[in-house]
Amino acid sequence: MIRKILDAIGLEKQSKYVRDYFYATNMKASIYMSVIVIMLEIWMIIHMTRTIINEHIQHLFWNIADKYYSNYLILLCIALLMLLFAIRYFKGSNRTRWLCLLIIPMAAAVCVFEIWQLSKYDPAQVQASYFANYIILLIAGIITITLAVLLMTGKNDKKWQSLATMYLFSFICINFGIMISTNSYAKGEQILTFLTMELFVVCLLTWRPVTGFMILTVSYWVFMFRLDNLVAYNTGTVGITESTQINGFTMWISTLMFCISNYYKTRSQALKDENLEKINSYLSRISVEDELTGIHNMVYFRNEAEKMLNYVTTDKENIVFLFLDIENFKSYNEKYGFHKGNELLIEFAHCISESFKGSLVSRFSDDHFVVLTRFDGCKDVINSLSEHIHDMQGEVQLTLKCGAYRPNSTETDPSLACDRARFACNSIKKHFDRTFRMYDQSLEDKFQLKHYIVNKIDNAIAKGYIKVYYQPVVSTKNGCICGLEALARWHDPNYGILPPGAFIEILEEYRQIHKLDRCIVEQVCKDYRRAIDSKMPFVPVSLNISRLDFELCDIVGFLNETADKYRVPKRFLDIEITESALTDQQDFLQNAMNVLHSSGYNIWLDDFGSGYSSLNVLKDFQFDVMKIDMKFLSGFKSNDKTKPILENIVQLTKQLNMVSLTEGVESVEQFEFLKSIGCDRAQGYLFSKPLPEEELRAKIENGELSISPEFIPAA
Ligand code: C2E
Ligand code: MG
Ligand code: MG
């Protein structure tokens, strides 16, 4: 309620923007007003000087006083002053201040003149209102001189000085209007000067309604009061008539209405502009700021880094791109929740900014940050940040990893530099003793290969560089092949034969893995069809399917379509899903596996025991075959615990109705042991390395390997 009342009378709290808007509006109006007044006053002074010189030379001073000479002069001074303030406000320069050298002597002349008037003032001859006017002009003269001196000597824009000039100007204008018009009215003339001055002050300038009300009310009252006195003095009896009073009241109310409406119009425009300004500044802020942490984002980083790489020439060899990663942050989020995770990111982001003050710091994504800074001393800063992250970690082990890349003098692409620093950072992931890695030639070779793989995968598939190698799986019962694992090889014209270790992870990182997996599925189905059509034996093939395939394409649909196209029975295709893919349990994987099962495929759990949550995986998902990771066999001879562990795992598979298969069998001894503990199948170099189909068939033909009888077609 109170707010509404305050709002109605214009006493509401204004934002800085609105205040500045009003100030600027008034400064603009000041220019028009002052220019008009300056011209008018100069004209009046010239005109009057001519009249005085021509007609009343013998009573010079008296006539000057009579003709309001000093009123014109003071108005001219203040108008000039106001113009100078407005120019300084809009141009931001103080170059015109020497004009004060004109104002100061003129205002001083007014002061001297008024002092002279006051000294010879005789109440019997001159009315009290003239006396008041002398004092007003004297004070106005002193203030004008003070403001002019301040303007001349001060450097910066002092708002209060220009506002004081504006108030003084308004006051003197109205005072002038009252003096002239009351005298004119008493002589039977119009009161146009007063009206003009009122309109000038309250309509050209914008006042809060309450201030406008005060100015108008006081000025009208003084005007009426002086008019009444003057008329009574002249006529010797009565003052102004009732109709003059009513006319005055009408004038007062209409100028007041104009003043208020002017205020609300300006205010509404100011509020509109303020909103626009806010939206604009918000938009420009979020375009360069990271929403969560408030530090810069990558758009800003790339722009600024590009400028630096392109235009900075001195000390360029000393700059370094750093890529920072908080390792294990995912676990922190899981333990403490996203909210706490975000808090940690915000705090750490500001900590990086503080530590690298004056450098370019941005959030790259998630828990990754990039910095462009000087190489000297950057390792020390990283070490202290690493300590800081330990202090923040709580019960989850957080470690800081940092990759650094120093661009050479001809490099201009910040994205590539960030990529390299990131690559260096990724290369020390899971190396618990390392925090910092400099990008070097060995990383450069790997980096080039990585880019090669990502850029060439489509071409490699189209040109047939991706080939399927088959590795036999044998039955422990008869030592015959009962299955084959399809393993990809990239026969590259530049790099030679690339093993999956060189490209699987990269294709997963760049979400291209489904292309490769679909290519392998298609080749295996083709091989099946060719073998069957040529009356050759064919055993079930297990296919390695990435967890990402379920996200990146409809892998189940593709399997079904391809199997149908080449008329491959589903029992000839097994699906291997590696244990590590199943650690973060997601519903969609459960669903996908159910669909695979119901479509008729067997699902194998690959690399059992390689991760941390192997047993959970068994609990939550349904598998037909368990492939026991080859690491269990690695300490077969030296480690006494290997055998009982393997025995127990095999027992477990039996309890869970799964077929057991051990990978990485390299010796007869290992194979004999597996047989003895009841492991159903084995796979490893003991039987064969992964080979192309023809080579494998050659081995079968020369008797090195044999196929389980159930898969040999009847003659
Ligand atoms: P995996 O599925 O566990 O495949 C077994 C890996 O162990 C193969 O390596 C194989 O050559 C190797 N291996 C087999 N027997 C022995 C042995 O006795 N001793 C030793 N030291 N190693 C043995 P490879 O072919 O390099 O494949 C590596 C991994 O790449 C595979 O592990 C699989 O996860 C992945 N992979 C291979 N091909 C594909 C594919 O087409 N798609 C997907 N998504 N992943 C694939
Ligand atoms: Mg496998
Ligand atoms: Mg495996």
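In what sense, and over how many bridges, do strand 6 and strand 14 (residues 681-683) pair? In this predicted model, strand 6 and strand 14 run antiparallel to one another and are joined over three bridges. The points below follow strand 6 and its partners, and then turn to the cavity, to whose lining strand 7 (481-492) contributes two or more residues.

**Strand 6 and its partners**

- Of the 10 residues of strand 6 (residues 466-475), nine are buried, so the strand is largely enclosed by the rest of the structure.
- Within the pairing with strand 14, Val474 stands opposite Ala682.
- Strand 6 also pairs with strand 7 in the antiparallel sense, here over nine bridges, and Val468 has Ala488 of strand 7 as its bridge partner.
- The hairpin formed by strand 6 and strand 7 has five residues between the strands, and in this hairpin Gly479 adopts a positive phi near 70°.

**The cavity**

- The structure contains one cavity of 30 Å³ or more, and the volume of the largest cavity is about 120 Å³.
- The residues lining the largest cavity include Tyr470, Ile481, Leu484, Asp527, Phe538, Glu693 and Arg697.
- Strand 7 and helix 25 (693-701) are the elements that supply two or more residues to this lining, and helix 25 gives the most, with four residues.
- By residue class, the lining of the largest cavity comprises nine nonpolar and three charged residues, with no polar ones.

Terms used: Residues are numbered from 1 along each chain as its sequence is written. Chains are lettered from A and ligands numbered from 1 in the order in which they are written. This is a predicted model: local features need pLDDT of at least 70, side-chain atom pairs count only at pLDDT 80 or more; totals for chains, interfaces and linings use all residues. Side-chain values use heavy atoms; hydrogens and water are left out. On a 1 Å grid over the protein atoms alone, a cavity is a set of points where a 1.4 Å probe fits but cannot get out, and a pocket is an open set with protein on both sides within 12 Å along at least five of seven lines; lining residues have an atom within 4 Å of a point. Grid points are joined across faces, edges and corners, and a volume is the space filled by probe spheres set on the points. Ala, Val, Leu, Ile, Met, Phe, Trp, Tyr, Cys and Pro count as nonpolar, Asp, Glu, Lys and Arg as charged, and the others, Gly among them, as polar. Buried means under 20% relative accessible area, exposed over 50%, partly exposed in between (1.4 Å probe, protein chains only). Two strands pair if DSSP finds at least two bridges between them.
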